[in-house]
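This report is a short guide for a reader who is new to the structure shown here. Each heading takes up one part.

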Amino acid sequence: MLFGRSKRNPIKIADKAVVKWKTATCGYCSTGCSIEVGLNDAGKPVSSRGVGGADVNRGKLCLKGIFEHELFDSAGRGTEPLMRGAIHEAFQPAPWDAALDRVHDEIRRIQNQHGRDSFAIVSTGQMLTEEFYTLGKLTRGLIGTNNYDGNTTLCMASAVSGYKRSFGSDGPPGCYEDFEHTDCLIAWGSNLPEQHPIIYWRMKDAQEKRPFPLVVIDPRVTMLAQNADIHLAVTPGTDVVLMNALCHVIFDEGLEDARYIAANTNDIESLREEVAKWDPVRAARICGIDEDTIRVVARLFAKAGAAMQIWTMGINQSTHGSDGVVGINNLALITGNIGKPGGTSLSITGQCNAMGTREWSSCSGLPNYRLLENAQDREDIGKFWGVDPEFFPKKRGMFQTDIYRAIETGEIKGLWLIATNPMSSLPNTARIRKSMEKLEFCAVQDCYRDTESAQYAHAFLPAGTWAEKDGVMTNTERRVNVVKQLTKPPGEAKPDLWIFNQIARRFNKQNALNFPDTATEIFSEMGELSKGRLADISGMSHALLERVHGVQWPYSAEQLARGETPPTGGKRIYTEDGTFRYPDGKAKLIALAFVDNNEVPDEAFPFWLNTGRLIEHWHGRSKTGKLADNNKYSPIPFIEINPDAAHELGIKADDYVRLVSRRSDAIVMAKPTHRVPQNMIFLPFHFHDCANRLTLGLLDPYSRQPAYKQSAIRIELLVDQVEAAKASMEMRKF
Ligand code: SF4
């Protein structure tokens, strides 16, 4: 008689009848996992799997990537162009030509009446790089508004600004392989297991093979903090104080790398002078970390052979986000931890192609990190595109967060939103709603018809998404990887590149500028423009990227000609003395004063509101909210609340509560947990009309990125739990 396992029915994996696998790069986060999508014999995407030979993910995918094929026929996709006279009227289907003509005519009407910059364009980190480049050419070379930005201002602007201030250019210097060489890792405001699960797996895999201490700095006991050797639950908004105190100890105990500082940096004296004020005793009173722990962490970091720092939104989304990034860079520079294996300061980017927009969209300047403020850069791009350089503005225009203020004041009258949803993603929704209502004309170009922002559109342009299009994306470690079209956009929806080219034709009546039709032609144009630049991609082609599953820039035509096997050239940047991007090749050490300007808890609003992400959802859930396999994990807006705080307020597990800030309110379910301290709640930001009803979102002075994580609220237990459940249903929309 047979017992045990041999008698059990084996687990069967459903046969999806895949007949062909096609390659793409995941379109959710910036990890950049290589993915294969399985098609059945009708050509329908039915399955997803990680690519075993890809260096980034080595066969793995997270919960989002593994169900990514389901989004092609998810609910709410835009399938036909729509138009209407006013936003209270019903949309009517329109032919593409009519919709495109209307967008062109309204842009020119508004510009003619109110000036070139009275029409704004806000794009995204979700499109493909060739699309960003084309939109940049259209905006800078033909439309001519300077109020052009991306939604990346909401996630990565502080990293960009901090890199530029410290190193003279944007561009993350390290790579994932650094986890395999580091002797110490500090993670600032980054919950890798939920935000970037496959980077977390790379880190954990490296740590298991070659142990190194992990220090996590986060006000909340995140999943990463649970894995930490040392967790520093810093007081919200005080990271710069902690950074200054760490520098103080390093200088005080002579642990700095004097040779590296002399060869590679300027302004050490002003940094020394500022951090001298921040002895750990004084710092501890502000940042909430005891002086002994500050000293231990400073010694651990400075004495490590190679020490690495990573960060995400806990640093960037702050009133001093840019300073926080500079503070991280200061620590790396004074200990010689840039450009060497295991020694780096690596911003973990947000959206799948936030890097692509930073490099090529021309939002904050001109292609490939060229600056509007630099006459030679304006001259070079003008000549290359066939545009009079005088047509370009001489400094960058408004950031996305300032564009809505300018709509409020009437300075901006028209808006074109591309793959972004400010009615969900910007802080203080009530204020944004009033701005949107004031627009004379709004065009929304998106793959989903049912976004909150589409309610304010006069024209809706249905676009393709992810692998319905061809092109490349750049991930967090500067790896450019390819996405191939594996299915067509639904109905009459078109790839974004097609839409940009059609609009360009309407502005480009003399054919003065060239707008190629295919992503491969555009990529080779970009390669030409990149020659000799920091982000040199001239040795890359779509075919090469597909074959090797991505190459890190720089990878030049010379490297290709020398037969250098990619990605050797681009693992790290700033690897040699004097290679930073300031004219003298040195980085800047920057003294950081602490400015305490956040909204903080008080008697009326006694809790910190801390917002963040869950592993199963992506941003505003316009995708994952409709995929059952993702949405079922957390379909309900909820808060984490400390059990003692809940007890004091009479709140039990799963009670509905009302969160109230000075802006508005939201109804959520309460989940008591010791992950948060007694004076803080954590609210995932994904849910419809919820977190951003409450946030204040003061702006960083350099990056103009909002402080999503530092607002004050109070909590009210709802007496009628049935009514509360109904109100909560509204926020579960999709
Ligand atoms: Fe996609 Fe990011 Fe998950 Fe990788 S970690 S599968 S890139 S969502």
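## A buried residue and its strand

A443 is a buried residue, because its relative accessible area is 0% and buried means under 20%. The model in which this value was computed is a predicted one. A443 belongs to strand β15. Along the chain, A443 and N147 are 296 residues apart, and their C-alpha atoms are separated by 15 Å.

The rest of strand β15 fits this picture. The strand covers residues 441-446, and 6 of its 6 residues are buried, so β15 is largely enclosed by the rest of the structure. Its side chains fall into two sets: F441, A443 and Q445 point one way, C442, V444 and D446 point the other way, and all are buried.

## The neighbours of β15

Strands of a sheet pair through backbone hydrogen bonds, in either a parallel or an antiparallel sense. Strand β14, made of residues 414-418, runs parallel to β15 and is joined to it by 5 bridges. In this pairing, W416 stands opposite A443.

Strand β15 also pairs with strand β16, which covers residues 459-462. The sense is again parallel, here over 4 bridges. D446 of β15 has P462 of β16 opposite it.

## The largest nonpolar core

In soluble globular proteins, nonpolar side chains tend to be buried together. The largest nonpolar core in this model holds 113 residues, and those that touch the most other members are L138, W188, L242, W416 and W553. Helix α7, residues 239-252, is the element that gives the most to this core, with 9 residues. Domain 2 (82-155 + 353-562) and domain 3 (157-347) both contribute residues, so the core lies between them.

Two of the residues named for the core appear elsewhere in this report. W416 is the residue opposite A443 of β15. W553 is joined to P554 by a cis peptide bond, with omega of about 5°.

## The closed barrel

What is the order of strands in the closed barrel of 6 strands? The barrel runs β21-β25-β22-β24-β23-β26, and its pairing is mixed. From one strand to the next, the twist averages 45°.

Several of the pairings can be followed by residue. Strand β23 (residues 656-660) is mostly covered, with 4 of its 5 residues buried. Strand β23 pairs with strand β24 (residues 665-672) in the antiparallel sense over 5 bridges, and R658 stands opposite I667 of β24. A hairpin of 4 residues leads from β23 to β24. With β26, strand β23 also runs antiparallel, joined by 4 bridges, and L659 stands opposite I715 there. Elsewhere in the barrel, strand β22 (residues 638-641) and strand β25 (residues 680-684) are antiparallel and share 2 bridges. E640 has F682 of β25 as its bridge partner.

## Unusual backbone geometry

Most residues other than glycine have a negative phi, and most peptide bonds are trans. Three places in the model are taken up here. P554, which follows the cis peptide bond from W553, sits in the loop between β19 (551-552) and α22 (557-561).

H619 is not a glycine, yet its phi is positive, near 40°. H619 lies in the loop between β21 (607-612) and α23 (628-631), and it counts as partly exposed because its relative accessibility is 22%. R704 also has a positive phi, of about 60°, although it is not a glycine. The place of R704 is the loop between α25 (691-694) and β26 (711-717). With a relative accessible area of 23%, R704 is partly exposed.

## Around the ligand

Which residues are around the ligand? They are C26, Y28, C29, T31, G32, C33, L61, C62, K64, G65, P197 and I198. By class, this shell has 8 nonpolar residues, 3 polar residues and 1 charged residue.

How values were computed. Residues numbered from 1 in each chain as written. Predicted model: local features only at pLDDT ≥ 70, side-chain atom pairs only at ≥ 80, totals over all residues. Heavy atoms only, no water. Near = heavy atom within 4 Å. Nonpolar A, V, L, I, M, F, W, Y, C, P; charged D, E, K, R; others polar. Pairing = 2+ DSSP bridges. Axes fitted to C-alpha atoms, helices over the stretch in contact; angles between N-to-C directions. Buried < 20%, exposed > 50% of the residue type's maximum accessible area, 1.4 Å probe, protein only. Core = buried A, V, L, I, M, F, W, Y, C linked by side-chain atoms within 4.5 Å. Domains from an automatic or database assignment.
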